[in-house]
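User: Hi! I am new to reading protein structures, and I would like to take a close look at one single part. Could you walk me through it step by step?

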Amino acid sequence: MLANAVRFAQPHGDEPAAVLVSAGTATQPPEGVALRGKGPWVFIRVEDTGPGVSGEQWDSIFEPFVQLSPKDRPPEGAGLGLHISRRYARQMGGDISFDVINRLTGEGAVFTVWLLMAPLDSLQAGGT
C-alpha cells in the first residue's frame with residue numbers, strides 16, 4: 001500500500017504530492033470492515049494525494065489482476081498486491097479497508113490495515 005501511495009501521489013494546484021502514514025488503536029471497527037474477534041484493534045493507515053479510484057471501481061480494487069493505473073502511465077505489476085494483502089489480513093482476523101479523501105472528485109486514496117491487537121499480558125511475557 002505504501003509503494004502504491006508513493007507511486008500514485010501527485011501534486012494538486014500549489015500543493016505538493018503527499019503521502020501520510022498514521023497508526024493507532026480502536027476498540028470498535030468502522031462500519032464495513034470485516035474483523036473477527038473482540039478487539040481491540042491496531043490499524044495502519046496510508047493516505048495519498050493521487051488520482052484516487054472512481055466510484056464504479058471501488059468494489060473491484062481488491063479483486064485479483066485488477067490494475068487501476070492512471071491513463072497516462074502503463075500498468076505496473078500483476079494487479080495482485082491489494083488482493084494478496086487483504087487475504088493475509090483476513091487470515092489473521094483483520095481486514096484492509098479503502099476510502100477516498102475527496103468523495104466529490106474521487107481523488108486521493110486511503111487504505112487502512114486492521115489487525116487484532118495482541119493481549120497486553122502476552123506482550124509483557126515476551127509474546128508467549
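Which residues are buried in helix 2 (residues 81–91)?

Analyst: Happy to help! One thing to keep in mind from the start is that this is a predicted model.

Let's begin with the whole protein, to see where your helix belongs. The protein has three helices and four strands, and along the sequence they follow the pattern α-β-β-α-β-β-α. Of its 128 residues, 28% count as buried. Contacts also reach across the sequence: among those between residues at least 6 apart, 56% join residues at least 24 apart.

Now to your question. The buried residues in helix 2 are Leu-82, Arg-86 and Ala-89. They lie on the same side of helix 2, because they cover an arc of only 60° around the axis. A general rule helps here: an α-helix has 3.6 residues a turn, so residues three or four places apart point the same way.

What does that buried side touch? The buried residues of helix 2 pack against helix 1 (2–8), strand 3 (95–100) and strand 4 (109–116). We can visit these neighbours one by one, after a closer look at one of the buried residues.

Arg-86 deserves a pause, since arginine carries a charge you can follow to a partner. Arg-86 counts as buried because its relative accessibility is 18%, and the cut-off for buried is under 20%. Its side chain meets that of Asp-95 in a salt bridge, at 3.1 Å from N to O. Asp-95 is buried as well, with a relative accessible area of 0%. Asp-95 also meets the side chain of Arg-90 in a salt bridge, this time at 2.9 Å from N to O. Arg-90, at 35% relative accessibility, counts as partly exposed. Together, Arg-86, Arg-90 and Asp-95 are linked in a network of salt bridges, and the structure holds two salt bridges.

Just after helix 2 comes another detail to find on your screen: Gly-93 takes a positive phi of about 85°.

Next, the strands that helix 2 packs against. Strand 3 and strand 4 run antiparallel and are joined by six bridges. To see one of these pairs, look at Asp-99, whose bridge partner in strand 4 is Val-110. Strand 4 also pairs with strand 2 (residues 41–48), again in the antiparallel sense, over eight bridges. Here you can look for Trp-41, which stands opposite Leu-116 in strand 4. Strand 4 is mostly covered, with six of its eight residues buried.

The remaining neighbour, helix 1, leads us out to the surface. Helix 1 and strand 1 (19–26) each give two or more residues to a nonpolar patch. This surface patch, of about 410 Å², is made by Leu-2, Val-6, Val-19, Val-21 and Ile-44. One of these residues, Val-19, is found in strand 1 and counts as partly exposed, at 33% relative accessibility. For the protein as a whole, the accessible surface comes to about 8,200 Å², and 56% of it belongs to carbon and sulfur atoms.

To put your helix back together: Leu-82, Arg-86 and Ala-89 are its buried residues, they share one side of helix 2, and they pack against helix 1, strand 3 and strand 4. Try turning the model until you can see that side, then follow Arg-86 to its salt-bridge partner Asp-95.

Key. Residues numbered from 1 in each chain as written. Predicted model: local features only at pLDDT ≥ 70, side-chain atom pairs only at ≥ 80, totals over all residues. Heavy atoms only, no water. Buried < 20%, exposed > 50% of the residue type's maximum accessible area, 1.4 Å probe, protein only. Arc of directions from axis to C-beta. Contact = heavy atoms within 4.5 Å. Areas by Shrake-Rupley, 256 points an atom, 1.4 Å probe, with all protein chains shown as cover. Patch = residues over 30% accessible without salt bridge, like charges linked within 9 Å, V, L, I, M, F, W, Y side chains within 5 Å. Salt bridge = Lys/Arg side-chain N within 4 Å of Asp/Glu carboxyl O. Pairing = 2+ DSSP bridges.
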